[in-house]
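Grab a pencil and work through these exercises with the model open beside you. Each one sets a task and then walks through a solution.

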Amino acid sequence: MIVMIPLMQLLLFGYAITTVVRNIPIAVVDNSGSAVARAITEQVRVTQVVDITHYYATAVEAERAIVAGTVRAALIFPENLAQRAAGGEPVGQWLVDGSDTMVSAALLGLRSMPLHLEAGVPAGAYQAASPSFEVALFFNPERRSEVNIVPGLTAIILTMTLTLFTAVSLVREREHGNLELLITTPIRPLELMVGKLVPYIFVGIIQITIILGLGQLVFNVPFQGKLLNLAAVTLPFIAANLSLGLLFSTLATTQMQAMQLTFFFMLPSILLSGFMFPYDAMPQAAQYIAEVLPATHFMRLIRGVFLRGAHAGQLLPDILWLLGFTAVMLAIATKRFRKSLD
Amino acid sequence: MTELAISARALSKRFGDVIAVDGVDLQIPTGQIYGFLGPNGSGKTTLIRMLCGLLTPSGGEVRVLGLEIPAQAETLRRKIGYMTQKFSLYDDLTVAENMQFMARVHGLSHRGAALRIEELLERYALSSMRQRFAGAMSGGQRQRLALAVATLHAPTLLFLDEPTSAVDPENRRDFWEKLFDLSDAGTTILVSTHYMDEAERCHQLAILETGHMRNQGTPQALLAQLQDRVVEIAGDHLRQVKERALRLPQVQSAAQQGVRLRVLLRAGTEDAAGYLRAHLEDRDLKLSNAQPSLEDVFVASTSGGKHLPVHSVASAPSPPRNSSSCHAIA
Ligand SMILES: Nc1ncnc2c1ncn2[C@@H]1O[C@H](COP(=O)(O)OP(=O)(O)OP(=O)(O)O)[C@@H](O)[C@H]1O
Ligand SMILES: [Mg+2]
């Protein structure tokens, strides 16, 4: 344990964490339907900064996809693309979700990329002199990193505190001897689990209110969404952390062990969830691990609702995942919990 | 009264290398107060936990209130009350809150719980401290609260694991009055203890040592077995007399009590006083047969380990000096 865990974490995080942002998922909207557009798209693609995952017919659809978090940016080609290209004007517009400054910086790097256009257009017309693209930064035009960090912090703080609360709950009662009395009563394991969980939901709500409230007051992070949507994404996350803590509580035999389990879980939640380093920049294997963590899903949810004003309905997959996670953890914890001292 | 509340056959529990309970047979009739008397680590708590279905036996069979344990433990839980050795209510809840919580856990209705709690607060003299935190109560008050909670749902069988440790003799007597009230009302009570005065009050006793049942019966029957084997010696230099007595093969134990030396002889010794007089060879000593006490029963039952050599047995657990009727065999 003492050797394996640090070794595993070192390899995992050393391999997974990178600040070079690549493969940002984007959409392309081609209003021109021209060969020039396809040529430019191809040149953007080979930079490997982006990964073209979607094509939309209209800019409105693309914007909706950005709000929903399906893509981080959209490249829009105008109808009169050939004309603009000939005139040396910018050939397209980037709509960028600016909340993550690391991602937006990578996309801004494409603004002045040299383009090689086909027939009739003077090669080298798009050099450093004039930008190849226009860029519209949404949600965080001033490119302040707090905007992205404060909502993300809620995920980290809630994970740390809530998981710990329930992780020590059953173990503490076992250590104090309360459990010996409780399990001699007709109480059902699920009742006990839910009873341990429910009070902390309120603690979670208070915490998130404080963090986001202060975030707005002190760091001036704008709240774009609706409170109802905020509740719809936060409650499943709170429940997910609490149920995971309960599972830890059934695995550990001492409070110390329960805390260690929580901290073992904390590190990937901070490093892989997209809180510190963009999710899209991580290698595939690390992304798979990140997908397991509730914090990763909540990171998407809270940023979507808080910064981009997304509806809960647009973020349904992540919400359902958190609810499923809660149900599974609660089921395992309940199943593991035996009304016996063996 | 012939019905058995608890019956166990060859009940054993092993924790790794430790055999905590070893082949214990139990027959506890309904309505009795049955005592487990044994020193620390003799397996009292482990035995009680197995009877409640909290621990799975390593071997043997248990039936409690006609239910197969541990298979039917869940059904049993509605019928039993358990007072754990360690105070196990919530220190950070008040007396009333603890009782309300446990009443809900036992599924008492709101109204039923309120009435029952009032009744119990009254009965166990807790009315004046219903708002007191359990953590801020004295040892005796806590025990009363724990008993009140254990009887909330009117169980027919009560397990009390050393309920009166940390309780003074006065309060212990009151506590036992309450137990007799419960017993009169038909509750079967299984109580573990290391106090002799408590053991004496039980209808029946089991003497446990290192997981073995050493002796079992009514206190009277146990005392009768010891008739004519206890001798009291008065005289000078009792310490030296004790040394010499302990070297005699028929002497099982000797303990000084004030100005007298109390000597217990092995089973089968004819004319105990005569034997001692003949072997101690000291004319100044006054010897007389004495009434055996439960403590003698305890010593006779527990230090007579079959596997131990005679001499080390004789000097084994000598009861503390200055013993009164209520000290711990710890
Ligand atoms: N969970 C456990 N794991 C390992 N050993 C145990 C466990 N519980 C009890 N034992 C051992 O079993 C033996 C009997 O313990 P038990 O607690 O039943 O004694 P007891 O008669 O209740 O003692 P006391 O008067 O001190 O309460 C002891 O040697 C103890 O160390
Ligand atoms: Mg014990």
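First, a term: pLDDT is the predictor's confidence in each residue, running from 0 to 100. Another one to keep handy is contact, meaning heavy atoms within 4.5 Å. This is a predicted model, where local features need pLDDT of at least 70 and side-chain atom pairs count only at pLDDT 80 or more, while totals for chains, interfaces and linings use all residues. Residues are numbered from 1 along each chain as its sequence is written, chains are lettered from A and ligands numbered from 1 in the order in which they are written, and side-chain values use heavy atoms, with hydrogens and water left out.

**Exercise 1. Find where chain B has pLDDT under 50.**

Start with the chain as a whole: chain B averages a pLDDT of 86, and 91% of its residues score at least 70. Now go to residues 304-330 of chain B, where pLDDT stays under 50. The model has 44 contacts beyond four places in sequence for that stretch. For the complex, the predictor gives an ipTM of 0.80 and a pTM of 0.83.

**Exercise 2. Work out the strand order of the open sheet in chain A.**

You'll need two conventions. Helices (H or I, at least four residues) and strands (E, at least two) are DSSP runs, numbered from the N terminus. Two strands pair if DSSP finds at least two bridges between them.

Step one: the order of the five strands in chain A is E2-E1-E3-E4-E5, with mixed pairing. Step two: strand E2 (50-56) and strand E5 (133-138) of chain A stand at the edges with a single partner strand each, so one side of each has no neighbour in the sheet. Step three: on average, neighbouring strands here are turned by 25° against each other, direction ignored. (Axes are lines fitted to C-alpha atoms, for helices over the stretch in contact, and angles run from 0 to 180 degrees between N-to-C directions.)

Step four: zoom in on strand E1 (residues 24-30) of chain A, which pairs with E2(A) in the parallel sense over six bridges. Across that pairing, A:Ala27 stands opposite A:His54 in E2(A). Step five: add helix H2 (residues 35-46) of chain A, which packs on the sheet and makes about 145° with the direction of E2(A).

**Exercise 3. Classify how H9(A) and H10(A) are placed relative to each other.**

The axes of helix H9 (residues 227-251) and helix H10 (residues 255-271) of chain A come within 9 Å and cross at roughly 135°. Here's the scale: angles under 35 degrees count as roughly parallel, over 145 as roughly antiparallel, 65 to 115 as roughly perpendicular and the rest as oblique. H9(A) and H10(A) are therefore oblique to each other.

Next, who touches whom? A:Leu244, A:Phe248 and A:Leu251 in H9(A) meet A:Leu261, A:Thr262 and A:Phe265 in H10(A). Sorted by class, that contact has five nonpolar, one polar and no charged residues. (Ala, Val, Leu, Ile, Met, Phe, Trp, Tyr, Cys and Pro count as nonpolar, Asp, Glu, Lys and Arg as charged, and the others, Gly among them, as polar.)

**Exercise 4. Do the same for H12(A) and H13(A).**

Helix H12 (residues 294-308) and helix H13 (residues 316-336) of chain A pack at about 150°, with axes 9 Å apart. That pair is therefore roughly antiparallel. Residues in this contact include A:Arg300 in H12(A) and A:Trp321 in H13(A). The class split is six nonpolar, one polar and two charged.
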